[in-house]
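Let's take a walk through this fold, with an eye on how its helices pack and how its charged side chains pair up. Have the sequence and the coordinates to hand as you read.

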Amino acid sequence: MNSHNPSILSLFSLITIISISCITSDVGAKATSSDQSDDVHDFSFIVGGYLPKPASDAQNQTIPRRRSAELPPEFLDCTIWRKECSEEVLELARRPENMRWLKGLRRRIHENPELAFEEFETSRLIRDELDKMEVGYRFPLAVTGIRAAIGTGGPPFVAVRADMDALPIQEAVEWEHKSKVAGKMHACGHDAHVAMLIGAAKILKLRESQLKGTVVLLFQPAEEAGNGAKRMIGDGALDNVEAIFAVHVSHNYPTGVIGSRPGPLLAGCGFFRAVVVGGKRHGGENFHRRPADTVLAASAAVISLQGIVSREANPLDSQVVSVTSFQGADDLEAPPDSVVLGGTFRAFSGFYQLLKRIEEVIVEQAKVFRCSATVDFFENEYAIYPPMVNDERMYEHVRKVVVDLVGPTNFKVVPPIMGSEDFSFYSEVVPAAFFYIGIKNETLGSIHSGHSPHFAIDEDALPVGAAAHAAIAERYLNEVTL
């Protein structure tokens with residue numbers, strides 16, 4: 001998720017959120033001796049098994065897709081979904097050999113974090129795993145992104161997304177798999193998101209003969225900075241897709257508890273930088289010929305901006321407009337030629353109207369004092385995140401799948417928060433639902449919020465997330481075709 005700092009440079013490094021993009025090439029490397037047992041794939045429970053195929057870095061590569069064999073008698077027929085089907089999916093995810101594999105994947109990614117649009121080795125690791133399962137994919141999308149597909153190859157198409165990028169943070173957690181890259185860390189759980197989606201791919205590949213359509217797996221770069229989702233969409237990530245889902249780990253809920261809500265879930269977020277320009281005079285000049293005062297004009301704009309939320313916004317709708325920077329000059333005798341002010345804004349609804357009003361207030365208030373003003377919202381730097389609004393039908397689908405999967409007491413209707421997430425770009429194109437999975441475990445020290453150098457996760461959430469992805473996708477295809 002994203003945490004935003006008003007300075008431009010930080011827009012590409014730290015865009016915070018929530019709760020609720022390489023310097024190294026070790027991600028795809030062979031594990032150390034202490035980790036080899038975690039990274040060995042036991043495909044004994046997959047019918048027929050799969051022989052690894054060498055990975056290729058060819059652009060727009062498409063690996064021939066092969067349908068899985070029919071399910072053996074011991075697996076349920078889930079043509080009509082029932083609770084036992086959910087239990088079967090979760091049991092597959094929680095098998096000891098699968099747990100070890102999932103933890104191994106997550107730890108390899110965690111040790112070798114990569115920033116926005118630099119996730120080359122993380123992407124290679126993912127493609128290697130997909131090759132071993134004989135899952136077809138397109139690569140690259142948005143520099144390092146991947147679109148994989150499991151199922152019939154035909155409609156309907158439902159997508160599940162995981163983000164891949166890390167943060168420019170020095171890890172402070174001392175453990176065996178601490179980041180090996182100075183100043184970079186998976187401090188928002190994207191390593192776990194990738195592991196969960198690869199785990200879901202393994203389950204779905206096993207159950208491929210049951211799928212009544214195609215599951216699209218999106219591995220996306222640059223969620224933290226750079227609007228990776230927007231660039232993935234531009235490269236065809238949502239071609240033919242009619243619905244999409246994604247998860248984010250959360251320290252607010254105990255391990256394995258899943259939460260979401262219908263409607264607005266995460267706020268839209270943006271930044272602005274305004275330049276107020278006027279004339280300059282010497283302090284000893286004739287006051288009858290006083291030029292425009294940029295400091296006064298900019299100050300009036302700051303005061304007027306505060307009235308947008310207090311006097312124009314629906315009092316039941318949370319909005320924020322904050323001026324966090326004001327720069328003039330060091331000359332104490334005369335106002336400067338220009339004043340630069342900047343800040344941030346967030347809203348659940350009326351986001352683009354709020355953006356419009358910020359510009360209007362600054363420009364028109366400057367005119368009152370015989371100055372002019374321009375406002376930049378950094379749209380060319382991909383610094384605008386629209387609100388994340390869950391489609392009510394997609395939310396309800398997540399809710400019923402989760403209740404069957406982990407029980408009604410482990411699903412929570414969560415409050416909206418002012419954090420932001422670029423998954424919202426997908427939700428502007430197709431019906432979408434975003435949900436959280438708890439990782440809070442005080443014994444393990446998994447209590448710190450995302451973007452903290454002390455951030456840690458309880459890895460027991462990994463199989464639950466993998467099973468949730470798989471069940472949400474498979475059951476969607478089953479029910480949409482009824």
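At roughly what angle do the axes of helix α10 and α12 cross, and within what distance do they come? They cross at roughly 125° and come within 10 Å.

## Before we start

This is a predicted model, in which local features need pLDDT of at least 70 and side-chain atom pairs count only at pLDDT 80 or more, while totals for chains, interfaces and linings use all residues. Residues are numbered from 1 along each chain as its sequence is written, and side-chain values use heavy atoms, with hydrogens and water left out.

## Helix α10 against α12

Helix α10 covers residues 392–406, and helix α12 covers residues 461–480. Helices here are DSSP runs of H or I with at least four residues, strands are runs of E with at least two, and both are numbered from the N terminus. The axes are lines fitted to C-alpha atoms, for helices over the stretch in contact, with angles running from 0 to 180 degrees between N-to-C directions. The crossing angle makes α10 oblique to α12 (under 35 degrees is roughly parallel, over 145 roughly antiparallel, 65 to 115 roughly perpendicular, and the rest oblique).

The crossing of α10 and α12 is right-handed; that is, the near helix is turned clockwise from the far one by less than a right angle, whereas an anticlockwise turn would be left-handed. On the α10 side, the residues making the contact include Met 394, His 397, Val 401 and Leu 405, and on the α12 side they include Val 464, Ala 468, Ile 472 and Tyr 476. Contact means heavy atoms within 4.5 Å. By class, this contact has 11 nonpolar, one polar and four charged residues (Ala, Val, Leu, Ile, Met, Phe, Trp, Tyr, Cys and Pro count as nonpolar, Asp, Glu, Lys and Arg as charged, and the others, Gly among them, as polar).

## Helix α6 against α12

Now turn to helix α6, residues 190–206, which packs on α12 at an angle of about 50°, with the axes 8 Å apart. That makes α6 oblique to α12, and α6 passes α12 in a right-handed crossing. Among the contact residues are Ala 192, Met 196, Ala 200 and Leu 204 of α6, along with Leu 462, Ala 466, Ala 470 and Glu 474 of α12. The residues of this contact divide into 12 nonpolar, three polar and one charged.

Leu 204 of α6 is worth a closer look. Leu 204 is buried, with a relative accessible area of 0% (buried means under 20%, exposed over 50%, partly exposed in between, with a 1.4 Å probe and protein chains only). Leaving out residues up to four places away in sequence, Leu 204 touches Ile 150, Leu 211, Val 215, Leu 217, Ala 470 and Glu 474.

## Val 249 in strand β5

Val 249 sits in strand β5, residues 241–254, and is buried at a relative accessible area of 4%. Apart from neighbours within four places in sequence, the contacts of Val 249 include Ala 192, His 193 and Met 196, as well as Ile 437, Ile 439 and Phe 455. Val 249 and Leu 462 are 213 residues apart in sequence, yet their C-alpha atoms are 9.7 Å apart in space.

## Salt bridges

How many salt bridges does the structure hold? There are 25 salt bridges, each a side-chain nitrogen of Lys or Arg within 4 Å of a carboxyl oxygen of Asp or Glu. Lys 83 and Glu 87 form one at 2.7 Å, N to O; both lie in helix α3 (residues 83–93), four residues apart, about one turn of the helix. Lys 83 is partly exposed at 40%, and Glu 87 is partly exposed at 39%. In helix α9 (residues 351–368), Glu 360 and Arg 357 are three residues apart, about one helical turn, and their side chains meet at 2.8 Å, N to O.

Lys 180 and Glu 111 meet in a salt bridge at 3.5 Å, N to O. Lys 180 lies in the loop between β3 (157–163) and α6, and Glu 111 in helix α4 (residues 96–111), so the pair ties together parts that are 69 residues apart in sequence. Glu 111 is buried, with a relative accessible area of 8%. Finally, Arg 106, Arg 107, Asp 191 and Glu 459 are linked in a network of salt bridges.
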